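Reader: I am new to this structure and would like a close look at one part of it. Please take a single residue and work outward from there.

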Amino acid sequence: SIVGIGGGRDLGSKSLTLSSSACCPPLAPMALEGTPIVQVAIEPLNVNELPALERALVRLDLSDPAVEVAQLPSGETVMRTCGEVHLERCLHDLRTTFAPAVAFNISPPIVPMLESAAEESVGRCVAATASRHASTTVGAAAVPDLIAAALAQQRAVLSDSRAHGLPWLSAARQLRRAQL
């Protein structure tokens, strides 16, 4: 049997347990493998439609356990998704289901670059697929002095390739030619 219950969006939770028994333990929310990494700012074209867009974003947030909707301290409303395909799916749902009458703009997607520097690895990081059939292990090591010096000498070439959208491979080839 399939049962539908309305009004759940007012409860403010992404996970609910429904049972005819008072002794039923609550079911845990879904454990997600990934965390949202793609962020876009979203705003209505017409300021008067802001409350309708906010209600639609709350409904989207409740319907999709992997999406996060937040308001930054600057007042900007952002939506975080688990990738570009997930972002497109969420935008489609907003346009067709949750806010079909609201026209809105989104910013270009922002994907944070998470970096760190270490002398040497204090451990190893293991990442595995959800099925655990494939995994990869990563550790940190210091860049050899020779490579660090070559990169420092070619800083302008590397910056130029990034500024003009040239593939990193092109910069690597130029670096290799300069060393020959």
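In which strand is T77 found? Please describe what surrounds that strand, and then how the rest of the chain is laid out.

Author: A word of caution comes before the details. This is a predicted model.

T77 is found in strand β3. That strand covers residues 77-81. T77 is buried, because its relative accessible area is 12% and the cut-off for buried is under 20%. The strand as a whole follows suit. Of the 5 residues of β3, 4 are buried, so the strand is largely enclosed by the rest of the structure.

Now look at what T77 touches. Set aside its neighbours within four places in sequence. T77 is then in contact with V40, A41, I42, L57, V69, A70 and Q71. Place these on the elements. β1 spans residues 38-44 and α1 spans residues 50-63. β2 spans residues 68-71. So much for the contacts; the strand pairing comes next.

β3 has a partner in β1. The two strands run antiparallel and are joined by 4 bridges. In this pairing, Q39 stands opposite R80 of β3. β3 also pairs with β2. Here too 4 bridges join the strands, and the direction is antiparallel. Q71 stands opposite T77 in this pair. β2 and β3 form a hairpin with 5 residues between the strands. Within that hairpin, G75 takes a positive phi near 95°.

A general point helps when viewing these strands. In a regular strand, side chains alternate between the two faces of the sheet.

Stay with β3 and move to R80. R80 forms a salt bridge with E68, and the closest N and O atoms are 3.8 Å apart. The pair links distant parts of the chain: E68 sits in β2 and R80 in β3, 12 residues apart. Both ends are partly exposed. E68 has a relative accessible area of 37%, which means it counts as partly exposed. R80 is at 22%, so R80 is partly exposed as well.

The count of salt bridges comes to 2. The other pair is R89 with D93, where the closest N and O atoms are 2.8 Å apart. Both residues lie in helix α2. They are 4 residues apart, about one turn of the helix. Their exposure is not alike. R89 is partly exposed, with a relative accessible area of 44%, whereas D93 is buried at 18%.

β3 also leads to the nonpolar core. The largest such core has 17 residues. L60, M79 and L94 have the most contacts inside it. The elements giving two or more residues to this core are β1, α1 and α2. The largest share, 5 residues, comes from α2. That helix spans residues 84-98.

L94 shows how these parts meet. Leave aside its neighbours within four places in sequence. L94 is in contact with I42, A56, L57, L60, M79, A99, P100 and F104. Two of these names, I42 and L57, also appear among the contacts of T77.

Further along, there is another hairpin. β5 (residues 125-128) and β6 (residues 135-138) run antiparallel, joined by 4 bridges. C125 stands opposite V138 in β6. The hairpin has 6 residues between its strands. In the turn, R132 has a positive phi of about 65°.

Next comes the surface. V143, I147 and L151 make a nonpolar patch of about 250 Å². L151 is found in helix α3, which covers residues 145-153. L151 counts as partly exposed because its relative accessibility is 38%.

Finally, step back to the whole chain. It has 5 helices and 6 strands. From the N terminus on, the elements run β-α-β-β-α-β-β-β-α-α-α. Buried residues make up 20% of the 180 residues. Among contacts with a separation of 6 or more, 51% join residues 24 or more positions apart. The accessible surface comes to about 13600 Å². Carbon and sulfur atoms account for 57% of that surface.

Notes. Residues numbered from 1 in each chain as written. Predicted model: local features only at pLDDT ≥ 70, side-chain atom pairs only at ≥ 80, totals over all residues. Heavy atoms only, no water. Core = buried A, V, L, I, M, F, W, Y, C linked by side-chain atoms within 4.5 Å. Buried < 20%, exposed > 50% of the residue type's maximum accessible area, 1.4 Å probe, protein only. Contact = heavy atoms within 4.5 Å. Patch = residues over 30% accessible without salt bridge, like charges linked within 9 Å, V, L, I, M, F, W, Y side chains within 5 Å. Areas by Shrake-Rupley, 256 points an atom, 1.4 Å probe, with all protein chains shown as cover. Salt bridge = Lys/Arg side-chain N within 4 Å of Asp/Glu carboxyl O. Pairing = 2+ DSSP bridges.
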